[in-house]
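Please open the model in your viewer and keep the selection tool at hand. The stops below say what to select next and what is found there.

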Amino acid sequence: PPRYNFRETEAKWQKVWEERQTFRAVMDASRPKYYVLEMFPYPSGRIHMGHVRNYTQGDVIARYKRAKGFNVLHPMGWDAFGLPAENAAMEKKVHPKKWTYENIATMKAQLKSMGLSLDWSRELATCDPSYYRHQQKMFLDFWKAGLAYRKEAWVNWDPVDNTVLANEQVIEGRGWRTGALVERRKLTQWNLKITHFADELLSRLDTLDRWPEKVRLMQANWIGKSRGARVFWELTDPAGADRGKLEIFTTRPDTLYGASFMALSVDHPRVAELAQNDPGLQHFIADCRKTGTAAAELETAEKQGYKLPLLAQHPLVPGRTVPVYAANFVLMEYGTGAIFGCPGHDERDHEFATKYGLPIIPVVMPKDADAKSFSVVDAPFVEDGVIINSDFLNGLEVEDAKARVIARLEEMGVGKGTIQYRLRDWLVSRQRYWGCPIPAIHCDKCGVVPVPEKDLPVKLPDDVTFDRPGNPLDRHPTWKHVTCPSCGGEARRETDTFDTFIDSSWYFDRFTSPHLEAAPFDRNENHYWMPVDQYIGGVEHAILHLLYSRFWTRAMREVQMTSRDEPFDGLFTQGMVCHETYRASDGTWLLPEEVERTNGGKVVRVSDKSPVEVGRSEKMSKSKKNVVDPDQIIRDYGADTARWFMLSDSPPERDLEWTEAGVTGAWRFQQRLHRVASEAMGHLPAIDAPKPASFSDAATQLRRAAHRTIAALSADIEAFHFNKAVARLYELAGTIGNAVPKDDSHKWAVREALEIFVRLIGPMTPHLAEELWQALGHKTLLAEEPWPVAEEALLVDDTVTVAVQLNGKLRSTIQLAKDAPKEVAEQAALALPEIVRGLDGKPPRRVVVVPNRIVNVVL
Ligand code: ANZ
Ligand code: ZN
């Protein structure tokens, strides 16, 4: 038979699916729905192997569920706003819009060549005003409902680019583009009140049982609920004059007797007050502000303090005072921006106390430790234990001590038990051009005024310049000048745009009615399709994107747009695609295609045969050049091969190593399948040949193999065990390939097995499956065919007759399930009356089991 021409075949079926609109989703309340969604791509230029893996996995689920009778929604769109477009504008002098839409066109063509079962009629791009107008409207609703507000906040400021940086854009204290030392600045910015839902966002995690445990844990940690206390300390100056109260937050009130200092954030109002007449303190504050606002950075920075002219009176021990510092490791945004330091039981406090020579008092020790010799001078003890050196708390365990001390503080009126969340409100202002404009207007008379709904969308102007750093909207000659909707006077537009995480917080809702103009979505459509039944994406989005989406859904609920709480019912996080790295002798990285393996197994550079250093397999990245271009793989081997290899190699949640050998192996398998099927076709019974009344043994064996594969593979797909599913298909292909039909029933069984096989590979290698389906004589499209149903009778285990011997002599036989474990065979044999009699109450010397054949009991 001729070689399988994947290039022609893949293009052919893609065209047929498109013309027939096979994957178009239409709401149908009489049918169960299934919404499959992969995290939509950022149009960066070209698709990469990570996309291919992600979309292949989603496509397997989508095609499988469709065959199982679900009304499947499987849409695709573009997360199209973002910084890279602006960088391209600056570097390549191309307008962000042009750059973005060109990338979308390229990537769309690439995705189409993968043969994905997508409903392209629902395509959307978040940078399109028809999309973001609804986002602006929702924001106005949230604002009205008190879920959006403006607040002064500290931000990372790049003094060279004159721009705010996200925490991730600060690398070792410097701006990621300019390399300039980042400063902290205070700006008034928009925030969304995600903390309003902190408790619900946390407690509902428990019900998301189709989410990976690790993702739920990461979210829980991010929300960070902690029980603790607020405690008031009386302050005096060194001369003893009253300086008012200081409120601190602690999660360890049980360690209050171990306090040896107080520390305030340098942004604390008290510190600002004291700094007015203290140049040294001013200098210290300025120094601390040079580091960014990222908590991780503050954690690792060396602990620094500045002693303030204050003493703090211990709330439980009259007469005991501790010194008060301004310190770089206390954040203003958390708790009250002030702490008491307990160096015996906290790492940071220990480092601080050691540096400034402050007392380190143990107040908790391990249960079985000796109180006299127990010390925390060298290292703090941060675990659970029993309380010591703490008056009425002595002998209590930590949790009990917390409750007791909180009760006492409340009685005395110097403290209060609290619940605290680590979660901060979501700061959504960005001083950027390529984002969704924030629909607000600033008027000197009226303050901040919402843009009237009739004026939405606030569109981005096209005529902007990127010749200078900073925000192009801010320096646009006319765009920001408007009349105040409230008083009609001169006013200015908000020139900040939204964090692009907003764009991706509701796109899955928009997919349910992507073309509706009057509203973000139609209630009925949305109610039918949502929630997403299976969401698939990278674990790098495990926290923010998912949390923001869960928040946005709740915010919509608050303004009566939906009654749902959660957007994603099932979540799967896929592993990365990796490749080994190659380095030439001059140290430069080489692309995989620039190296080859010699017959002797050495790796050399193609151009000059010089030796190449082979590094370990790492995530594909442009910087190390260990990337393989999906286009090239699809061109050389076909989409089905790429898909098959992606699915076959490792469990989908784990990293996958891309290898040339793996790809060619997958390719050869496609070719072989095509050959085996074509050859078998010649002697198969007709497509409508009646099912034989009885089957020969060989036929039954084959039928069992095929029907068991249906059952097992379906379970594998449901459980995301794609690699196991592929292994089963290899096995079944081997069984079919080896079958030499001896009788008519066997021939019928071969056709049946082949048909089953073709249906089963449908979700994975859809083009080849479609081709073989047609070759088998079918006039229907496989993509529109139902999933095969396994015959129950063929799933039950076979039994075998096993001989039972005593000292090598046959005494009896037993019926066992085929491949029963040895222990089962042994137990059954020892229970036989003949054997019991023969043993006469003594234990056997040993029992030899030959699986499926003999059990020999040796006396
Ligand atoms: C006294 C103490 C003793 C503390 C001890 C810890 C251990 P989590 O649990 O992560 O929420 N803290 C409070 N506010 C802070 C701020 N604004 N910046 C930096 N640190 C702050 O952390 C709560 C603990 O972090 C609090 O409990 C406080 O130190 C510190 F053996 O109080 B602890
Ligand atoms: Zn006004």
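Select Gln 57, which is found in helix 2 (residues 49-67), where helices are DSSP runs of H or I with at least four residues, strands are DSSP runs of E with at least two, and both are numbered from the N terminus. The model is a predicted one, in which local features need pLDDT of at least 70 and side-chain atom pairs count only at pLDDT 80 or more, while totals for chains, interfaces and linings use all residues. Residues are numbered from 1 along each chain as its sequence is written, chains are lettered from A and ligands numbered from 1 in the order in which they are written, and side-chain values use heavy atoms, with hydrogens and water left out.

Is Gln 57 buried or exposed? Gln 57 has a relative accessible area of 2% and is buried; here buried means under 20% relative accessible area, exposed over 50%, and partly exposed in between, with a 1.4 Å probe and protein chains only. If you now show its surroundings, leaving aside neighbours within four places in sequence, you will find Gln 57 in contact with Ile 536, Phe 572, Gln 574, Leu 647, Pro 652 and Phe 722, contact meaning heavy atoms within 4.5 Å.

Move next to Gly 417, which lies in strand 18 (residues 415-421) and counts as partly exposed at 26% relative accessibility. Residues up to four places away in sequence not being counted, Gly 417 touches Gly 228, Ala 229, Ile 406 and Glu 410. Add Lys 402 to the selection: Gly 417 and Lys 402 are 15 residues apart in sequence, and their C-alpha atoms are 9.2 Å apart in space.

Now select the zinc ion (ligand 2). Which residues are its protein donors? They are Cys 443, Cys 446, Cys 484 and Cys 487, each through its SG atom, at 2.2 to 2.4 Å from the ion; donors are N, O and S atoms within 2.8 Å of the metal (3.2 Å for Na, K and Ca), and since water is not among the atoms, sites may look incomplete. The arrangement around the zinc ion (ligand 2) is tetrahedral because the four donor atoms subtend angles of 107 to 112 degrees, the criterion for four donors being that all angles lie between 85 and 135 degrees. For comparison, the ideal angle for four tetrahedral donors is 109.5 degrees.

Along the sequence, the donor residues of the zinc ion (ligand 2) follow the spacing C-x2-C-x37-C-x2-C. Cys 446 lies in the loop between strand 21 (440-443) and strand 22 (447-450), and Cys 487 in the loop between strand 23 (481-483) and strand 24 (490-493), so this pair ties together parts that are 41 residues apart in sequence. Cys 446 is partly exposed at 33% and Cys 487 is partly exposed at 35%, whereas Cys 443 is buried at 6%.

From the zinc site, go to Pro 457, in the loop between strand 22 and strand 23, where the peptide bond from Leu 456 to Pro 457 is cis, with omega near -5 degrees. Another cis peptide bond runs from Met 530 to Pro 531, with omega near 0 degrees, and Pro 531 is found in the loop between helix 15 (523-529) and strand 26 (534-538).

Two further loop residues can be selected together. Gln 560, in the loop between helix 16 (544-558) and strand 27 (571-574), has a positive phi of about 60 degrees although it is not a glycine, and at 60% relative accessibility Gln 560 counts as exposed. Phe 720, in the loop between helix 20 (697-718) and helix 21, also has a positive phi of about 60 degrees without being a glycine, but Phe 720 is buried, with a relative accessible area of 5%.

For the last stop, select helix 19 (residues 660-681), whose 22 residues reach 32 Å from first C-alpha to last, close to the 32 Å expected at 1.5 Å a residue, the expected span being 1.5 Å times one less than the number of residues. Its buried residues include Val 663, Trp 667, Phe 669, His 674 and Met 681. The buried residues of helix 19 pack against helix 1 (6-20), helix 17 (630-637), helix 18 (639-648), helix 21 (722-738), helix 22 (744-761) and helix 23 (766-775).

Terms used: Four donors count as tetrahedral if all angles lie between 85 and 135 degrees; four count as square planar and six as octahedral if opposite donors are over 155 degrees apart and all others between 65 and 115; anything else is irregular.
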